[in-house]
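Here are a few notes from going through this one. Have a look at the model first, then read on.

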Amino acid sequence: MLRPRIPTMPTPTGIVTPLALHPAPAAVVEHSSAACACQHTTPAPAVVPAPAASSAPAVRLTPTGLLVAIGGGAAVVLVVGAVLVSMLLAVAITAASVAVCAVVLRSLLNGNARHR
């Protein structure tokens, strides 16, 4: 009652695809000597699919191309560095101006409270 029932499938349903290619028929080799009157079969060569050719050609840099790549990389580093430094400077100036405004407001509020 509590045993699981495993269904059986005697024949596969749907489309069945073969796992491997069918090998080519073996070649028959006949001996001409009188000692061996049998026929031997040689195994067919294995069919190995050719590797897919790469669509992108190999990149080969000339000395001039290498210098251009190094110069371009250095230019990118300099531009990114300049942008980051300018952003840091903007944050620093904003922080200083907020601090000055806080000091001025504090002095105004404290000065107003002392005169009363």
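1. Before the burial figure, a reminder of the cut-off: a residue is called buried when its relative accessible area is under 20%, exposed when over 50%, and partly exposed in between. With that in hand, 0% of the protein's 116 residues count as buried.

2. Keep in mind that this is a predicted model. Mean pLDDT for the protein is 78, with 57% of residues at 70 or more. Helix α1 (residues 63-114) has the highest confidence, at a mean of 93, while strand β1 (residues 27-30) has the lowest, at 58.

3. The fold inventory is brief: one helix and two strands. Read from the N terminus, the order is β-β-α.

4. On the surface side, the protein's accessible area adds up to about 11,400 Å², and carbon and sulfur atoms account for 71% of that.

5. Which residues form a nonpolar patch on the surface? They are Val76, Val79, Val80, Val83, Leu84 and Met87, together offering about 550 Å² of accessible area. Take Val83, which sits in helix α1. Val83 counts as partly exposed because its relative accessibility is 42%, and the partly exposed class lies between the 20% and 50% limits.

Key: Residues are numbered from 1 along each chain as its sequence is written. This is a predicted model: local features need pLDDT of at least 70, side-chain atom pairs count only at pLDDT 80 or more; totals for chains, interfaces and linings use all residues. Side-chain values use heavy atoms; hydrogens and water are left out. pLDDT is the predictor's confidence in each residue, from 0 to 100. Helices (H or I, at least four residues) and strands (E, at least two) are DSSP runs, numbered from the N terminus. Patches are made of residues with over 30% relative accessible area and no salt bridge: like charges are joined within 9 Å, nonpolar side chains (Val, Leu, Ile, Met, Phe, Trp, Tyr) within 5 Å. Accessible areas come from the Shrake-Rupley method with a 1.4 Å probe; for residues, only the protein chains shown count as cover. A salt bridge is a side-chain nitrogen of Lys or Arg within 4 Å of a carboxyl oxygen of Asp or Glu. Buried means under 20% relative accessible area, exposed over 50%, partly exposed in between (1.4 Å probe, protein chains only).
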